[in-house]
Amino acid sequence: MVLTTPLTLYNSLTKRKERFEPQKRGHVRIYVCGPTVYEYAHIGNFRAFLAADTLVRTLRYRGYKTTYIRNITDVGHLTDDADQGEDKVEKSAVSKGISALEVGDMFTKVFQGDALALNLLTPDKEPRASEHIEEQILMIRELEKRGFTYRAKDGIYFDTAKMKGYGKLASLDLHTSSEGRIASNPEKKNPRDFALWKFSPEETKRQMEWPSPWGVGFPGWHIECSAMSRKYLGFPFDIHMGGIDHASVHHTNEIAQNEGVFGGQTVKFWLHSEFVLIDGKKMSKSLGNTYTLKDVAGRGISLLAFRYMTLNTHYRQKLNFTWDALIAAENSLNALYDSVEHLTQERNKVRIGRRLLSAVGSLRNIAVRGNKIQSSFENSVADDLNTPQALAALWELIKSPSLSPSVKLSYVRRFDQVLGLNLTLYEDVVIPPRIQDLIREREVARKKTDWPEADRLRDEIAKLGYALRDTEKGPIITKIKK
């Protein structure tokens, strides 16, 4: 069931928050720019992937069917992020003494492992650029037929002067080079024209190159996302997401390619997550502060603590990463886990003898209180994925004195569908009547000091998939994780 509270998202294309409705009723199609697999992805990259994960989780929580595509860039991404320099994957291959294919395979697997450790949802498709050369060539040919291309000595370029509204996503000055990110090329008609297909150097043979109607070479970085989003989602689709660093070049050029082929708008919403700062400074290799999830794990910190940390800052605000802040996030997350485990224990206590009831207010008042907190949570995530406020609602739930452990746990399960913190690993199913009977029999044996019988009953309970722990307040039962 789709929630009635409107979902609003900040659209980078229109520069305002807008009510979101999918183009196909009940079905949302999302494309997210994935990693360039030449090295370990850093925490700034993963912040963008976490924001996208929160978006997809929110959409599913609201009852939408989703088609979620996140690509793998394993060719065509040059070292200046535009049209000059070496291919990042091939350069990494030379430095490591292995093939470009092996580099791509290795760091794709590393990325996917990191993604699982962060509890990121697995996309419906994770297409690789090198496996979609045919689709990219086809799209370039279509652009060529429509008069958007020209040939230079080193490749086929997109003529941005031919595209009305070029640069609208980032409000670009078309006669400048965007803070040096666009390398100069005397054969370009305009500084912002970009490569669709690059020719292989005559004096060297690349590891990754293909024949094309224009000559042997490889695709430009931008064409891959246009071609793969078109193949798996179709034009137009609903949401394109990525880091803010992609807005001025990569996403701007995607829009030009898409609209050059389609003849109109192809993506309804563009969403961008902000940068991660390190101790208040820009993350850069020259400063030695480009941290990876491997660095986080190397300090013995849970990777889900980084997820919690990102949720505590709105995705459109800069996130200032410090090790102290990450440790504080881990402490808060552990406190959440302890709270959920305590709630589980309280719910699963097995009372022997007369059942004791406590007056906690009428069921109606409890329902009103629970619904109010749920509304607070849902309204927060519906307001452009406001996860800091959503976490506040979760903590309000945990601390509420008027809700029973069972009620609290039911809301925790719902909220964690969006937050993805694996809170329910600490929460167990209701104890079946058969297990409760065995626990009562064991308590009788314990009171008679019949320890062999008590041990036998404990073993029988364990064989049925439950672990029993004796406490001063009585036995605590949890389901054994397989």
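**Notes on the predicted model: helix 1, cavities, rings and loops**

1. Let's start with helix 1. Of its 19 residues, 17 are buried, so helix 1 is largely enclosed by the rest of the structure. Keep in mind that this is a predicted model. The length checks out too: helix 1 covers residues 43-61, and at 1.5 Å a residue it should span 27 Å, which agrees with the 26 Å between its end C-alpha atoms. After the helix comes Gly-63, with a positive phi near 100°.

2. Helix 6 makes a good companion case. It runs over residues 247-262 and is mostly covered, with 15 of its 16 residues buried. Here again a glycine with positive phi follows: Gly-263, near 90°.

3. Now the empty space inside. Rolling a probe the size of a water molecule over the atoms shows where such space is left. The count is five cavities of 30 Å³ or more. The largest has a volume of about 110 Å³, and the second largest holds about 50 Å³.

4. Which helix gives the most to the lining of the largest cavity? That would be helix 1, with four residues. Helix 8 (303-311) also supplies at least two residues, as helix 1 does. The lining as a whole consists of Arg-47, Leu-50, Ala-51, Thr-54, Thr-310, Leu-311, Thr-313, His-314, Tyr-315, Leu-385 and Thr-387. By character, that divides into five nonpolar residues, five polar and one charged.

5. The second largest cavity has its own set of wall residues. Among them are Met-163, Lys-164, Gly-165, Tyr-166, Gly-167, Lys-168 and Leu-169. Thr-252, Ile-255, Ala-256 and Glu-259 line this cavity as well. Its lining divides into five nonpolar, three polar and three charged residues.

6. On to the aromatics, where the model holds 19 pairs. One of them is Phe-235 with Phe-237, a stacked pair with centres 6.3 Å apart and 25° between the planes. Both Phe-235 and Phe-237 are buried. There is a backbone oddity right here as well: the peptide bond joining Phe-235 and Pro-236 is cis, with omega about -5°. Pro-236 itself is in the loop between helix 5 (221-233) and strand 9 (237-243). I'd look at the ring pair and the cis bond together.

7. Phe-321 and Trp-323 give an edge-to-face pair, 5.1 Å centre to centre with 80° between the planes. Phe-321 is buried, at a relative accessible area of 0%. How does Trp-323 count, buried or exposed? With 12% relative accessibility it falls under the 20% cut-off, so Trp-323 counts as buried. Trp-323 has a second partner in Arg-299, whose charged end sits over the Trp-323 ring, 3.9 Å from its centre.

8. Two more ring items are worth a look. Arg-206 places its charged end over the ring of Phe-218, 3.5 Å from the ring centre. Elsewhere, Tyr-61, Phe-377, Tyr-411 and Phe-415 are linked by ring pairs into a cluster. Tyr-61 brings us back to helix 1, which covers residues 43-61.

9. The loop between helix 3 (100-117) and helix 4 (133-145) holds His-132. At 4% relative accessibility, His-132 counts as buried. Which residue is 92 residues from His-132 in sequence and 7.6 Å from it in space, C-alpha to C-alpha? That is Glu-224. Asn-119 is in the loop between helix 3 and helix 4 too, and its phi is near 65°, a positive value in a residue other than glycine.

10. Thr-449 is another non-glycine with positive phi, at about 55°. Its place is the loop between helix 13 (433-447) and helix 14 (451-463).

11. Last, a residue at the surface. Ala-161 is in the loop between strand 6 (155-158) and strand 7 (194-199). It is exposed, with a relative accessible area of 66%. Lys-189 is 28 residues from Ala-161 in sequence, and the two C-alpha atoms are 8.6 Å apart in space.

Methods: Residues numbered from 1 in each chain as written. Predicted model: local features only at pLDDT ≥ 70, side-chain atom pairs only at ≥ 80, totals over all residues. Heavy atoms only, no water. Expected span 1.5 Å × (residues − 1). Buried < 20%, exposed > 50% of the residue type's maximum accessible area, 1.4 Å probe, protein only. 1 Å grid on protein atoms, 1.4 Å probe; cavity = no way out; pocket = protein on both sides within 12 Å on 5 of 7 lines; lining within 4 Å. Points joined across faces, edges and corners; volume = space filled by probe spheres on them. Nonpolar A, V, L, I, M, F, W, Y, C, P; charged D, E, K, R; others polar. Phe/Tyr/Trp six-rings, centres within 6.5 Å; stacked < 30°, edge-to-face > 60°. Lys NZ or Arg CZ within 6 Å of the ring centre and 35° of its normal.
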